[in-house]
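Got the viewer open? Set the display to cartoon and keep the selection tool handy.

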Amino acid sequence: MRFCKMSVFLILFACPFSTSVFAQNASKSDLPVIRQIIVPDEDRFTPFAITVRVGQPVLWVNNDTDDHTVVSNDAFNTAGHRGVNVVLKANGGKFVLVFRHPGVFPFYCRFHSMLDAHHQPIAPGPDGGIQDANGNFGTPMNGVITVLGDD
Ligand SMILES: [Cu+2]
């Protein structure tokens, strides 16, 4: 099985004729469009919420000068990839997920989200919210992906 997967990889990506073969067998609309979630030069994911289809890759890119993380919020995660906990390294760190069934994938950055006793990000606001040194309340660094089925 491993050999077969490698063979497919070699045919698609290493063969000098792969581009023309691929173009003949799949129209451009059949190719999954990669959706990006960016960490700009501040502690947030943008866009906050995206909708993708099963099989459509999601790419996180960290454009900040600090490390961040992508952690699945498994109390609400119905889209698979449970237990995700990865570091997005500063200055261009990347992480890709491809969802195989419909659901929602809420996630947060464990460096920049305060969690309550149930490991959920605490909502902004004066009652237990995140407050900076200047007294401003912010939003926990989190986001959500909605994954739609094939039909
Ligand atoms: Cu972060």
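Here is a short tour, from the whole chain down to one side chain.

Before you click on anything, bear in mind that this is a predicted model. Start with the whole chain selected: you should find two helices and 10 strands. Colour from the N terminus and you'll meet both helices ahead of the strands, since the order reads α-α-β-β-β-β-β-β-β-β-β-β. Of the 151 residues here, 19% are buried. Look at contacts between residues at least 6 apart in sequence, and 57% of them link residues at least 24 apart.

Next, pick out β2, β10, β7, β4 and β5. In that order, these five strands make an open sheet with mixed pairing. The edges are β2 (49-53) and β5 (85-88), each with a pairing on one side only. On average, neighbouring strands in this sheet are turned by 25 degrees against each other, direction ignored.

Now zoom in on residues 103-108 and 142-148. These are β7 and β10, an antiparallel pair joined over six bridges. To see how they line up, click Gly-103: across from it, in β10, is Val-147.

Last stop: Phe-95, which sits in strand β6 (residues 93-98). Is Phe-95 buried or partly exposed? It counts as partly exposed, because it has 18 C-beta neighbours inside 10 Å, and a buried residue needs 20 or more. Show the side chains of Trp-60, Val-70, Val-86 and Leu-88 too: leaving out neighbours within four places in sequence, these are the contacts of Phe-95. Then try the distance tool on Val-61. Its C-alpha lies 6.9 Å from that of Phe-95, though 34 residues separate the two in sequence.

Key: Residues numbered from 1 in each chain as written. Predicted model: local features only at pLDDT ≥ 70, side-chain atom pairs only at ≥ 80, totals over all residues. Pairing = 2+ DSSP bridges. Helix = DSSP H or I, 4+ residues; strand = E, 2+ residues; numbered from the N terminus. Axes fitted to C-alpha atoms, helices over the stretch in contact; angles between N-to-C directions. Buried ≥ 20, exposed ≤ 12 C-beta atoms within 10 Å, placed from the backbone. Contact = placed C-beta atoms within 7 Å.
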